[in-house]
Amino acid sequence: KKEKEAAAAMQKEATAALAGKASELQRVVNAASVGEKKAAATLAEKMSQLQAAQASMKGLEEAKAKLEHDVQAAAAGLKKEKDAAAAAQKKAAAALQAAQASIKGLEDGKAKLEAEVKKEKEAAAAMQKEAQLWRRRKRNWRRRRRRRRRQRRRRRQR
């Protein structure tokens with residue numbers, strides 16, 4: 001019963017971990033390994049009790065049968081805990097991989113955007129430079145025109 005409750009708790013924690021938190025998944029894996037250790041200790045204890053019962057076989061057939069059943073249950077519990085721990089580890093690894101993939105995607109997108117921004121800035125700077133150049137040319141044309149007009153006026157006056 002205790003092992004069933006522990007397994008149910010494990011399942012709840014695993015579903016909570018699926019919500020996306022890698023740290024929670026790690027906690028689930030740790031809890032699963034703790035359960036595994038408990039199950040292994042239970043198994044060892046039942047086996048020693050079984051050996052003691054076999055040593056003193058006088059009228060202990062019922063106790064022996066009960067202990068054998070307990071040992072089987074403990075072994076099944078241990079297997080279940082091992083499977084749960086492996087599954088939790090797989091899920092954690094998958095979640096981590098997905099997170100890394102999305103991070104890589106975001107970084108690639110960021111690099112692309114940065115390159116675009118740089119291009120835009122360069123284009124804007126080039127346009128500004130060209131505008132400045134045209135303004136200077138226009139100014140020079142005006143100055144030249146004014147100078148020519150002045151010279152014409154002076155020549156006429158002479």
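Visitor: I would like to begin with E81; in which helix does E81 lie?

Guide: In this predicted model, E81 lies in helix α3, which covers residues 61–157. To read such a residue with care, one looks at its place in the chain, then at its surroundings.

Visitor: What does E81 touch, leaving aside residues up to four places away in sequence?

Guide: With those close positions left out, E81 touches E3, A6, A7, M10, A32, G35, E36 and A39. Among these, E3, A6, A7 and M10 fall in the range of helix α1, residues 2–17, while A32, G35, E36 and A39 fall in the range of α2, residues 22–55.

Visitor: Is E81 buried or exposed, and how far away is the nearest side chain of opposite charge?

Guide: The general idea is that a salt bridge asks for a side-chain nitrogen of Lys or Arg within 4 Å of a carboxyl oxygen of Asp or Glu. E81 is buried and yet has no salt bridge, since the nearest side chain of opposite charge, that of K80, is 8.2 Å away.

Visitor: How many salt bridges are there by this rule?

Guide: The count comes to 4 salt bridges. One of them joins K46 to D70, with their closest N and O atoms 3.5 Å apart, and this pair links distant parts of the chain, because K46 belongs to helix α2 and D70 to helix α3, 24 residues apart. K46 and D70 are also linked with K66 in a network of salt bridges.

Visitor: Why does D70 count as buried?

Guide: The reasoning rests on a cut-off, for a residue is called buried under 20% relative accessible area. D70 has a relative accessible area of 18%, and therefore counts as buried.

Visitor: Where do D83 and K79 lie, and how far apart are they in residues?

Guide: Both D83 and K79 lie in helix α3, 4 residues apart, which is about one turn of the helix. They form a salt bridge whose closest N and O atoms are 3.1 Å apart. Here the accessibility has to be read for each partner: D83 is partly exposed, at a relative accessible area of 43%, whereas K79, at 52%, counts as exposed.

Visitor: Which residue forms a salt bridge with K104?

Guide: The partner of K104 is D108, and their closest N and O atoms are 3.2 Å apart. These two residues also lie in helix α3, 4 residues apart, or about one turn of the helix. K104 is partly exposed, with a relative accessible area of 48%, and D108, at 43%, counts as partly exposed too.

Visitor: Turning from charges to nonpolar residues, which residues make up the largest nonpolar core?

Guide: To read a core, one asks which residues belong to it, and then which elements supply them. The largest nonpolar core here has 5 residues, namely A39, L43, V71, A74 and L78. Both α2 and α3 supply at least two residues of this core, and the largest share, 3 residues, comes from α3. L78 touches E36, A39, A40 and L43, not counting residues up to four places away in sequence.

Visitor: How many helices and strands are there in the protein, and what share of its residues counts as buried?

Guide: The protein has 3 helices and 0 strands, and of its 158 residues 16% count as buried.

Visitor: Which element has the lowest mean pLDDT, and which the highest?

Guide: Among the elements, helix α1 has the lowest mean pLDDT, at 75, and α3 the highest, at 93. For the protein, the mean pLDDT is 85, and 84% of the residues reach 70 or more.

Conventions:
Residues are numbered from 1 along each chain as its sequence is written. This is a predicted model: local features need pLDDT of at least 70, side-chain atom pairs count only at pLDDT 80 or more; totals for chains, interfaces and linings use all residues. Side-chain values use heavy atoms; hydrogens and water are left out. Buried means under 20% relative accessible area, exposed over 50%, partly exposed in between (1.4 Å probe, protein chains only). Lys and Arg count as positive and Asp and Glu as negative; His and the chain ends are not counted. Contact means heavy atoms within 4.5 Å. pLDDT is the predictor's confidence in each residue, from 0 to 100. A nonpolar core is a set of buried Ala, Val, Leu, Ile, Met, Phe, Trp, Tyr and Cys residues joined through side-chain atoms within 4.5 Å.
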